[in-house]
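Here is a short report on one protein chain and its ligand. Keep the sequence and the structure open while you read.

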Amino acid sequence: MLELREVRKTFYPGTPNEKKALNGIELHLDAGEFVTVIGSNGAGKSTLFNAIGGAFLIDSGVIQLDGRNITSMKEYKRAFDIGRLFQDTMKGTAPNMTIEENLALAYTRKAGRSFFAVNKRDKEYFRDLVKKLGLGLEDRMRTKVGQLSGGQRQAVSLLMAAIAQPKLLLLDEHTAALDPATAEKVLRITEDMIQKDKITTMMITHDIQAALRLGNRTVMMDEGRIIFDISGKEREEMTVEKLMECYEKNSRKKLENDRMLLHR
Ligand SMILES: Nc1ncnc2c1ncn2[C@@H]1O[C@H](COP(=O)(O)OP(=O)(O)OP(=O)(O)O)[C@@H](O)[C@H]1O
């Protein structure tokens, strides 16, 4: 489904600030996989998502999505197949449009139409989807998304992603700006949605417990590389402590003062 071969990206090459942000990434995801991505600050996690999403072109290597070589494809074209949510809850939605209009927008994009008038049946469909979030938003379908709380907005962004049915969903710390209880709720919605729609997903998180609990596979990055990749029994038996040990062994660094420790 997703294939990255020898992907490299260096920022400011040939200068004192040179940074090998992606240093030969090899990654293969099967359809329907839900992979959590962890790693210390500056490890290259967001850069990896930017490379896949097409925010910049990589220096070398190949990126394939669903059998198609997308290495040189423009970002807006990739966006038809790749959904993305960010830590900034304002990014995924149009704040001046209502919940209903935002969902219609996602629906329109999927249908490849330039204009979409919401009819009664669509409204009922959207309302049912929103009701399933369990946040009481079904009675606020005409509320502008900018007036919602961060958690409510992320839930709407997730619904928009689900409606658009991307081949790949990239979640870049999408619950990091939320309070713990809301973050937990949004994670539950995320998990339910991914399971129900079988969306191939990668999720960056600094919460190691959540990384091991959610999805079917966890990869850890360090200095632009994937330093380990666990799934199945190995992952089931993994604890936060063991993961820390693995990190320190593989990267020869300590995880002190890192955000990853916060959730220990
Ligand atoms: N557009 C850019 N221009 C220059 N340097 C960049 C750019 N994007 C990322 N970098 C650098 O590449 C490295 C990897 O950054 P990245 O944001 O991918 O790390 P990360 O693992 O997502 O970290 P964090 O957990 O702190 O968000 C860092 O040293 C960063 O400063």
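A residue is called buried here if 20 or more other C-beta atoms lie within 10 Å of its own; it is exposed if 12 or fewer do, and partly exposed in between. The model is predicted.

**Helix H5**

By that cut-off, 14 of the 15 residues of H5 are buried, so the rest of the structure largely encloses this helix. H5 covers residues 150-164. Its length can be checked. At 1.5 Å a residue, the 15 residues should span 21 Å; the end C-alpha atoms are 21 Å apart, which agrees. Glutamine 165 follows H5.

**Two positive phi angles and a buried threonine**

Glutamine 165 has a positive phi of about 45°, although it is not a glycine. Aspartate 66 also has a positive phi, near 50°, and is a residue other than glycine. Threonine 89 is listed with them for its burial.

| Residue | Loop | C-beta neighbours within 10 Å | Class |
|---|---|---|---|
| Aspartate 66 | between S4 and S5 | 13 | partly exposed |
| Glutamine 165 | between H5 and strand S7 (168-172) | 13 | partly exposed |
| Threonine 89 | between strand S6 (82-85) and helix H3 (99-111) | 26 | buried |

Why does threonine 89 count as buried? It has 26 C-beta neighbours inside 10 Å, and the cut-off is 20 or more. Leaving out residues up to four places away in sequence, threonine 89 touches Gly150, Arg153, Gln154 and Ala177. Residues 150-164 form H5, so Gly150, Arg153 and Gln154 belong to that helix. The C-alpha atoms of threonine 89 and asparagine 41 are separated by 20 Å. Along the chain, these two residues are 48 residues apart.

**The ligand shell**

Asparagine 41 is one of the residues around the ligand. The full shell is Phe11, Lys19, Ala21, Gly39, Asn41, Gly42, Ala43, Gly44, Lys45, Ser46 and Thr47. Two elements give two or more residues to this shell: strand S2 (19-29) and helix H1 (45-53). H1 gives the most, with three residues. By type, the shell divides into three nonpolar, six polar and two charged residues.

**The sheet**

S2 also belongs to an open sheet of four strands. Their order is S2-S1-S4-S5, and the pairing is antiparallel. Which strands stand at the edges? They are S2 and strand S5 (68-69). Each has a single partner strand, so one side of each is left without a neighbour in the sheet. Further in, strand S1 (residues 2-11) pairs with strand S4 (residues 60-65) over five bridges, in the antiparallel sense. Within this pair, arginine 5 stands opposite valine 62 in S4.

**Two domains**

The chain is divided into domain 1 (2-81 + 166-263) and domain 2 (93-165). Their C-alpha centres lie 27 Å apart. How many residues does each domain bring to the contact? Domain 1 gives 13 residues and domain 2 gives 10 residues. On the side of domain 1 that touches domain 2, helix H6 (residues 180-197) gives the most, with seven residues. That side divides into seven nonpolar, four polar and two charged residues.

Methods: Residues are numbered from 1 along each chain as its sequence is written. This is a predicted model: local features need pLDDT of at least 70, side-chain atom pairs count only at pLDDT 80 or more; totals for chains, interfaces and linings use all residues. A residue is near a molecule or strand if its C-beta atom, placed from the backbone, lies within 6 Å of it. Ala, Val, Leu, Ile, Met, Phe, Trp, Tyr, Cys and Pro count as nonpolar, Asp, Glu, Lys and Arg as charged, and the others, Gly among them, as polar. The expected span of a helix is 1.5 Å times one less than its number of residues. Domain bounds come from an automatic or database domain assignment. Two residues are in contact if their C-beta atoms, placed from the backbone, lie within 7 Å. Two strands pair if DSSP finds at least two bridges between them.
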